[in-house]
Every structure is written in structure tokens, then in C-alpha cells.
Amino acid sequence: MSEKPAAERGGFLARPCAAGKRPGPLAVDIGGLMLKNPVMTASGTFGYGREYAGLFDLSSLGAVVVKGTTLKPRDGNRPPRVVETPSGMLNAIGLQNPGTEAFLATELPFLREQNVPVILNIAGMTVGEYEEIARRVDGAEGLSAIEVNISCPNTDAGGMTFGVSARLSEQVIAGVRRATSLPVIAKLSPNVTSITEIARACVNGGADAISLINTLVGIVIDLKKRRPVLGNVTGGLSGPAIRPVAVRMTWEVSSAVDVPVIGMGGISSAEDALEFIMAGATAVQVGSAMFADPLAPLEVIKGLERYVRDEGLASIREIVGAAKRK
Ligand SMILES: Cc1cc2nc3c(=O)[nH]c(=O)nc-3n(C[C@H](O)[C@H](O)[C@H](O)COP(=O)(O)O)c2cc1C
């Protein structure tokens, strides 16, 4: 584990602090990670940024959250892997990714050049695997935080998803916490009975922030074939259809824990982002919306800038949780 404080490990953290610049009205602090604005990309909808770097300047973003990365490379599920649904989409990519070593050797050097905070989303099939990835990337130059996707099947427990059990969620986060000095963000699954119980367990395990929500499990049937459309049968629902559920969970979790919450689920505009912020989110992620409009995160940032100006706010932080105040 790197002993250096976060601000000395390079990457984005070192830059604004070293420059001594005053934070702007959209600046936020996510568990020690200072971002110039609260808008990030959501994991799995942005790859490692290469496709988007040709379309816009990635340094305009608050941070990029890259594809879910496992210890070893993975080919993912058999196709079809995505299908459109009313107001959303169902995906079963199956964590296709080049693995941790390729991330460090090829993707991180590219991202370092983009001058944007990089958050690595990690996925493991055992607690030890999560821990091992965190240990290998700890101290890597240009990496700002780790987001832990706990919506993964636990092969040690017969395939049960880590994120549906408070005990397993705490174990995963505690393992990652032990292995790294980077800020640790626990990314929660919405496919649970009590999201607040899982959030509390993750904070007990040492999470510096909570992000939510991952996709909701669903099935779409092809009537002609009389079969599920997706090769994997089930997939994860994302997009505007899940937004009210995500806003509700943001409200509940931000009331239950005292670490920052990052909200996502169907955000495509500043108005959508403001719903999450007023429900208690300190920052947001934009996911599926980028498939329709790759510039969607920039529109969200511009809209938030306009909102802060028009409302005469000194900081966006003034309205975090505003909808919950009596
Ligand atoms: C195609 C696709 C791939 C995804 N891959 C990942 C992943 O690797 N890791 C992860 O934590 N979440 C993954 N997600 C979930 C998103 O990061 C996000 O939590 C979810 O889609 C809700 O946000 P949205 O409605 O803005 O897309 C993926 C979502 C989509 C649509």
C-alpha cells in the first residue's frame, strides 16, 4: 500500500492543489478527491475514454470512471448483449475487459495524458481478487480513486452476488481498503431489499464514498423466437426508466451514511442531475445517455453552471439534499 498522501501521488489531485487555484462553484470533495465539477462518466459506458477523446476534451469532466476491470482479461457474455427497452436499455456485457495489467500498461498511460481524474471501477469473483486488483494499482501514477462494483457473482459462495449481502459487501470493501490508500467508492446494486443496510456495511468496511445505482435486473422476450433476447437471458436495465428508483435510493442512502453519495441512473440533462443533488448526491455520473449523445456530460456541466449562476449560489454544495430540508 502506498504511504504517500493522495495529493502527492500524482494524477489530478496534485494539480489543482499545487497550483493553489481557488475551487470554482461546481467544485466538490468526494472522500478526499477534489473534483472541479461533480459530473463523471459511468463505468462501462465510456470504455477507457479513447473513443470519446476524439469527440471532446476529457479534461472538462469532473472525473472519468472507466470500464469494470477484473484481475485477468475477460471476453464477456455471448451475444446479443444489449436490447433497447421503453425509456432505457438492457445490457449483459459480462465485464468484457483487458484485465488489470493491460489497464496499467496501456489504458492508464493514455488517460494520464488527458489531464482528468481517473477512477478505476473494479470487479472480482472473490474477496481476494478485489483485494489483489486494488494492491496492484495502488500507487499507479495518474489514478485518483477506486470504485468497487459489488454487483458481481461470488464464486466462493455459489455465485451469490456480493452486493446483496451486507456481510459480504463489508468484507469486499474492507479488503480493498486494506490494499490501497486511494479513496474507495463502493458502488451499490439496487437489487436488494434494504439499500441503506448495504450502504452502512460498506462505510463500516472503510468506504470513503458510495455510488449508486448499478442496473436493475430484467428480461426481454423475443416473441417470434419465444426466447429471451439476450444471450445471457437476464440483463441490467439502465436509462431514464430507472431514474425515480435511483433518486429514491440516493435520498435514502444519503440520509443513512455520512460519506458523500454519487448518484446515477438515467441522467441526461442538468435537470436530471439536479434531482439527484437535491435528493442528497454530492456528485453524479452519466451513463447510457452517452450512447445517444456522447456530449451529454458536457451539457450537464453547462446546465449546472447556468443553474448556479441564475440562482446566485456560491457553490453547488449549497443545494445538496435541498429537497429533504423542511
Ligand atoms: C453497457 C453498460 C455497461 C456497464 N458496465 C458496468 C461495469 O463494468 N461496471 C459497473 O459498475 N457498472 C456498469 N454499468 C452500469 C452503469 O455504470 C450505471 O450504473 C447504470 O447504467 C445506471 O446509469 P445510467 O442509467 O446513466 O446508464 C454498465 C451499464 C451499461 C449500460
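In this predicted model, 8 strands come together as an open sheet, and the pairing is parallel. Read across the sheet, the order is E3-E18-E17-E12-E11-E8-E7-E4. The two edges are formed by strand E3 (39-41) and strand E4 (64-65), each of which pairs on one side only. As a reminder for following the sheet by eye, strands of a sheet pair through backbone hydrogen bonds, either parallel or antiparallel. One pair is worth tracing in detail: strand E7 (residues 118-122) and strand E8 (residues 143-149) are joined in the parallel sense by 5 bridges. A convenient place to start is Val 118, whose bridge partner in E8 is Leu 143.

The loop between E7 and H4 holds Gly 124. With a relative accessibility of 0%, Gly 124 counts as buried. Setting aside neighbours within four places in sequence, the contacts of Gly 124 are Glu 129, Tyr 130, Cys 152, Pro 153 and Phe 162. Gly 231, by comparison, is 107 residues from Gly 124 in sequence, and their C-alpha atoms are 22 Å apart in space.

Next comes the packing of helices, beginning with the one that follows this loop. Helix H4 (residues 127-137) packs with helix H5 (residues 166-179) at an angle of about 25 degrees, and the two axes are 8 Å apart. Angles under 35 degrees count as roughly parallel, and H4 and H5 are therefore roughly parallel to each other. The crossing in which H4 passes H5 is right-handed. On the H4 side, the contact is made by Val 127, Tyr 130, Glu 131, Ala 134 and Arg 135. H5 contributes Gln 171, Val 172, Gly 175, Val 176, Arg 178 and Ala 179. Sorted by character, the residues of this contact comprise 6 nonpolar, 2 polar and 3 charged. Tyr 130 makes a handy landmark here, since this residue of H4 takes part in the contact with H5 and is also among the contacts of Gly 124.

A second helix pair is found further along the chain. Helix H7 (residues 243-256) and helix H8 (residues 270-278) have axes 8 Å apart and pack at an angle of about 30 degrees. H7 and H8 are therefore roughly parallel to each other as well. In this contact, Arg 243, Ala 246, Val 247 and Thr 250 of H7 meet Asp 272, Glu 275 and Phe 276 of H8. The residues involved are 3 nonpolar, 1 polar and 3 charged.

H8 can be described further through its buried residues, which are Ala 270, Asp 272, Ala 273, Leu 274, Phe 276 and Ile 277. Their cover includes H7, strand E17 (261-263), strand E18 (283-286) and helix H10 (296-310). Of these elements, E17 and E18 are also strands of the open sheet. Asp 272 and Phe 276 are buried residues of H8 that also meet H7. After H8 comes Gly 280, with a positive phi near 125 degrees.

Away from the parallel sheet, strand E5 (residues 82-85) pairs with strand E6 (residues 88-91) in the antiparallel sense, through 4 bridges. Within this pairing, Val 83 has Leu 90 of E6 as its bridge partner. The two faces of E5 can be told apart: Val 83 and Thr 85 lie on the covered face, whereas Val 82 and Glu 84 lie on the uncovered one. The hairpin has 2 residues between its strands, and Ser 87 sits in that loop between E5 and E6. Although Ser 87 is not a glycine, its phi is positive, at about 55 degrees. Ser 87 is exposed, with a relative accessible area of 51%.

Some further backbone features deserve a look. Leu 95, in the loop between E6 and helix H3 (100-112), likewise has a positive phi, near 55 degrees, in a residue other than glycine. Leu 95 counts as buried, at 16% relative accessibility. Two cis peptide bonds can also be located in the model. The bond from Pro 79 to Pro 80 is cis, with omega near -10 degrees, and Pro 80 lies in the loop between E4 and E5. The bond from Leu 212 to Ile 213 is cis too, with omega near 10 degrees. Ile 213 belongs to the loop between strand E12 (209-212) and strand E13 (216-218).

How values were computed. Residues are numbered from 1 along each chain as its sequence is written. This is a predicted model: local features need pLDDT of at least 70, side-chain atom pairs count only at pLDDT 80 or more; totals for chains, interfaces and linings use all residues. Side-chain values use heavy atoms; hydrogens and water are left out. Axes are lines fitted to C-alpha atoms, for helices over the stretch in contact, and angles run from 0 to 180 degrees between N-to-C directions. Angles under 35 degrees count as roughly parallel, over 145 as roughly antiparallel, 65 to 115 as roughly perpendicular and the rest as oblique. Contact means heavy atoms within 4.5 Å. Ala, Val, Leu, Ile, Met, Phe, Trp, Tyr, Cys and Pro count as nonpolar, Asp, Glu, Lys and Arg as charged, and the others, Gly among them, as polar. A crossing is left-handed if the near helix is turned anticlockwise from the far one by less than a right angle, and right-handed if clockwise. Buried means under 20% relative accessible area, exposed over 50%, partly exposed in between (1.4 Å probe, protein chains only). Two strands pair if DSSP finds at least two bridges between them.
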